[in-house]
Amino acid sequence: MVIAEASYQTKVGHAKVACRQMGCGSVVSIKHQRYGGTRQRPAWEVNLTCHGTEAKLKECKSNGSSRRVQGRNTTSSSLEVICSESVRLTGTDELCSGSVEVKSDQGWTVVCEEGFDSEAEKVVCKELGCGTPGRFKGSFGGKGGGGRVSSTQFQCKGNESRLQDCPYDLRLVGGESSCDGTVEGKRDGEWRPLADTWDFWGPQHTAKLCHLLGCGSVTSERIKYLPRPESAWTLDIQCDRDHSSICKSWGMGSSNRLMAVTCSESVRLLRGDNRCTGIMEVKSGTTWAPVCQRFFTPEDEIVTCRELGCGFPHAARGRDSHSKTDYWSPVFKCEGNEKRLKDCPSHTFNATENICFKGHITCGGLPKKPDAEVHSPNYPWDNPPLFKGHRFLISCYSDLPYKILSFRLRTGVDSEQPTEWTQAVSGNHASFFFPATPDGGQGVYYCDYSPHFTSDIFSEPKIFSLFFKDPDYVRLQDGGHRCAGWLELEHEEEWRPVTSRKSWGLKEAAVVCRQLKCGSALSTSKVDKPTEAVPAWRFFSNCDGSELALMDCGTVKNWPPSSTIEVVCSDVLSQPNITLHSSCTDEKQREALLFRGYSFRINCSVEPQFPGGHFSLMINQTLIQTLPAVNHSAPFMFTAASVAHTGNYSCVYHNFVFNQNLSSPESESFSLTIEVGYDDMWLSDEVIREDESYACRGKLMVAKPGHGTFLLSADSKVWDMRHAGVVCRQLGCGAAVSTAAVNISRENTMWHFFSDCDGSESALLDCGALETWYSSSAVEVVCTGQHGAAGQT
């Protein structure tokens, strides 16, 4: 390009425009370059006057002609211009004066005073060929750089050739990005991890580190433990004293406790009370810009809180008036499942042309807990009284702005077998229906939800307890028993008789009997209550007879005095008691063991209710005997126990009342076991036998469980052949031949026998009693048999 002879200032103007048009920085040098000898080179002849502010050369004015390019020509020299690569000075006509701007992938941005020290000034002046720096004045928010401000912190030593050659002396390594990992510092050309042995490093240092590295807010700071110490830079006490800047006081050492930091990459919060609340700014290249609250969606908020490691958004609002500086605000289109805000599709718009309030957000640990309500039939208000045997409903809902994938309801969380229900929803509420059960649904319930963007995370739970009352709002009166009589019902804290015009029948009566635990319904009818007229509750039914409680399938209304309803249930007769009486059992036992041949008695009884009636005794649910009730009881006698008497015994009471033959509920049962039981008594002839047979003659030995085994003393005045006959019969040795007293060598502990026998008994101790005694003579018995068989019945 051939340019007519011009002044130096004109050449500077041309050079500035050329550098700008090429996307370079400031002009570093201008000079005429002459070719050797008389050599000529082709060139375009132009006629331009540039002021230095134009964006392109074609915007410069021509000198007295409408044509800037005059035509082809040749020249022996050219104008040589050198531009800086990454830094420029703007705002003045001077080459070596102006606002400092640096180049990034987003264009040119103004340098903040905080990130520019005297060493950086030296490098800039050197790079621009301007000598040593004169004075430096901070600049912010000027028109240069499109309103963008660089957050870059320059760590220059002053001997670098270009600003971009100035290294950072801190970095994060080993993480997912340059904003995450172990903190390393560079000293004397060597990178080492930093170790804070004495806790000198504070939160303010971490925040400054994230800012220095061009990252966002601190999301976590932690200690990384190593198996063994490694070389590290250790922080000294100066770091504890220096709270205004990044800590650079390091010494040589080693440690297995290294510092690790995670910063957000694309979002940060400013001017908040803690790291999880504040005004949002997002990163675009190396610059930060506030977001416009109008265009920041709930899904954007979710991703922001996730990237900051702060859980979920709890509140978001516009704060402060729109910025007075010209800036472009990003608009995001997040779905809510992105890991970082920069992963969301986005575009920018001119925030100065819109009413735009800076977005302020508060994040918390988990999504906000939902609300819950409980509903029950016949109680239209929320959280009504709950009764066992009634249906109920739990409603969970939330007023959050983002969608909910599903609600979850849990109970028994701390038990070994918790119960859980999950319901997918299309809105922000869910209803869980629970059928009627005898015990209701008492317990502690947890209601939470999963946001639509993840099924693995649930909100804070809404925790509430449900207590179920016994359905004691019905009763039967004046029937002589709680399972028969006129029906009364408590409603709105008032007891009244129940009446019905058309809907009452055995189905409804069956529900009443079931609710009162009175068996099934035998009859129901409408009767006139022979008392003074009182208001009634009129019953309206929706019962099929299978319900557990009356008001779970019906409702009542206030009604004037009227006929009332009588109900008779099957369990109008009380459940009888059953007891066992024997010489070797306790009547309170529910299990008993008897030996063959002993007598026993089973007694059935019932509380005084109606006169007369009779009892049925059953073994293993099979009727074996019936006796009339005398004084509300009946004794069933068994003179000699046999193995056939082993089984479970129970009894039922029967009577004719309310013009019907009624039977009581079956009594509780007890278990009786009969054993042959020869080991409690035998005749000792001092002969050892290989089989299990017993001797049928010898001295009488008796074992009393828990007390010992001794000979039977012959000192008893009542012992005779009748008792010997019982012994022989019990041992299976035939009839008694004789009995006599036998002397032994010395006085020993023996059993002294007391009798209430007549000789017909099958077991000696069934009609006798024993007490310890000291004697030198024992009873001897001789039977007709040769050997007693242990298995004989």
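In this predicted model, V173 faces T182 of strand β13 across a bridge between neighbouring strands. V173 lies in the range of β12, which covers residues 170-174 and runs antiparallel to β13, with five bridges joining the two. Follow the chain from β12 to β13 and you pass through five residues, the link of a hairpin.

Now stay with β13 itself, residues 180-187. Is this strand mostly covered or mostly open? It is mostly covered, since six of its eight residues count as buried. A general point helps when you look at any strand here: side chains in a regular strand alternate between the two faces of the sheet.

T182 is a handy residue to keep in view. Besides standing opposite V173, T182 has a bridge partner in β16, namely A260. Strand β16 spans residues 250-263, and three bridges connect it to β13 in the antiparallel sense.

Moving along β13 brings you to E184, whose bridge partner in β14 is P193. Strand β14 takes in residues 190-195 and pairs with β13 over four bridges, again antiparallel. These two strands form a hairpin as well, with two residues between them, and in that turn D188 has a positive phi of about 55°.

For a change of scenery, turn to helix α5, residues 298-307. How many of its ten residues are buried? Eight are, so the helix is mostly covered. The buried set includes the charged-letter run E299, D300 and E301, followed by I302, V303, T304 and C305, with E307 completing the list. Just after α5 comes G309, where phi is positive at about 65°.

Technical notes
Residues are numbered from 1 along each chain as its sequence is written. This is a predicted model: local features need pLDDT of at least 70, side-chain atom pairs count only at pLDDT 80 or more; totals for chains, interfaces and linings use all residues. Side-chain values use heavy atoms; hydrogens and water are left out. Buried means under 20% relative accessible area, exposed over 50%, partly exposed in between (1.4 Å probe, protein chains only). Two strands pair if DSSP finds at least two bridges between them.
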